[in-house]
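Student: I would like a close look at a single part of this protein, namely the strands and how they are joined, and I would also like to know how far the model can be trusted around them. Please take your time and keep the argument connected.

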Amino acid sequence: MKVLCFLMLLILCGCSQHKDSFYGEKIDHADLISSTELNEILNENSEAQVKLEAEILTTCKMKGCWMTVKLDNGDEMRVTFKDYGFFVPKDSVDGKKTIIAGTIKKDVTDVEALKHFAQDSGETPEEIAKIVEPKKELTFIATGVIIED
């Protein structure tokens, strides 16, 4: 009986180990590119299909329909999800590592979209009013996301 209880305890402990969470298309940890490789790709192309690792800075607090991430070179980038087809958690993921697969490109985000993103992230009306110019930035449309636990 003691052995059975011990085995059940081991099984329960094993089940509580951290597991990655997947969103959108199932992807894996293989074939990640670095920021250096990303810069080389974007110097030659206006957009590219890539898979990379980043740190989640924030997510949309309304639906989880976008997230802002920091790349390993310190650059920040907004990630949206292809065809609005999936969302990520709204809470408890800031600071976690993520792997994203999809299309990256250099883009200009208009003032209306920037204000919308600021509102979704909980910015004050005063902060939103300060947004008066479009922003050149990297954008990413993800087809698949892993959030590491």
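Tutor: What follows begins with the whole chain, turns to the paired strands, and ends with the cysteines, two loop residues and the confidence of the model.

The model is a predicted one, and its average pLDDT is 87, with 88% of the residues scoring at least 70. The protein contains four helices and six strands, and their order from the N terminus on is α-β-α-β-β-β-β-α-α-β. Of its 149 residues, 35% are buried, while the accessible surface amounts to about 9300 Å², with 54% of that area belonging to carbon and sulfur atoms. Among the contacts with a separation of 6 or more, 71% are between residues 24 or more positions apart.

The pairing of the strands can be followed from β5, which covers residues 97-109. Strand β2, made up of residues 47-59, pairs with β5 in the antiparallel sense over nine bridges, and in this pairing Val50 stands opposite Gly102 of β5. Strands β5 and β6 also run antiparallel, and they are joined by 12 bridges; here Val108 has Lys136 of β6 opposite to it. In a regular strand, the side chains alternate between the two faces of the sheet.

Within β6, which spans residues 135-147, Ile141 deserves a closer look. Once its neighbours within four places in sequence are left aside, Ile141 is in contact with Ala101, Gly102 and Thr103, and also with Thr80, Phe81 and Lys82. Gly102, one of these contacts, is the residue that stands opposite Val50. Ile100 lies 41 residues from Ile141 along the chain, and the C-alpha atoms of the two are separated by 9.0 Å. Despite the contacts listed, Ile141 does not count as buried, because its relative accessible area is 37%, and that makes it partly exposed.

The cysteines call for a similar step of reasoning. A disulfide is a covalent bond between the sulfur atoms of two cysteines. With a cut-off of 2.5 Å between the sulfur atoms, the count of disulfides comes to zero. Cys60 is in no disulfide, and the nearest cysteine sulfur to it, that of Cys65, is 3.6 Å away. Seen from Cys65, the closest cysteine sulfur is that of Cys60, and the two are not bonded because 3.6 Å is too far for a bond. Cys60 counts as buried because its relative accessibility is 0%, and Cys65 counts as buried as well, at 10% relative accessibility.

Two loop residues stand out by their backbone angles. Most residues other than glycine have a negative phi. Tyr84, in the loop between β4 (76-81) and β5, has a positive phi near 55 degrees, and its relative accessible area of 47% makes it partly exposed. Asp31, in the loop between β1 (21-24) and α2 (35-44), likewise has a positive phi, near 60 degrees, and it counts as exposed because its relative accessibility is 68%.

As for trust in the model, one stretch needs caution. Over residues 3-16 the pLDDT stays under 50, and for these residues the model has one contact beyond four places in sequence. Where pLDDT is low, the predicted coordinates should not be read in detail.

Note on methods:
Residues numbered from 1 in each chain as written. Predicted model: local features only at pLDDT ≥ 70, side-chain atom pairs only at ≥ 80, totals over all residues. Heavy atoms only, no water. Helix = DSSP H or I, 4+ residues; strand = E, 2+ residues; numbered from the N terminus. Buried < 20%, exposed > 50% of the residue type's maximum accessible area, 1.4 Å probe, protein only. Contact = heavy atoms within 4.5 Å. Areas by Shrake-Rupley, 256 points an atom, 1.4 Å probe, with all protein chains shown as cover. pLDDT = per-residue confidence, 0-100. Pairing = 2+ DSSP bridges.
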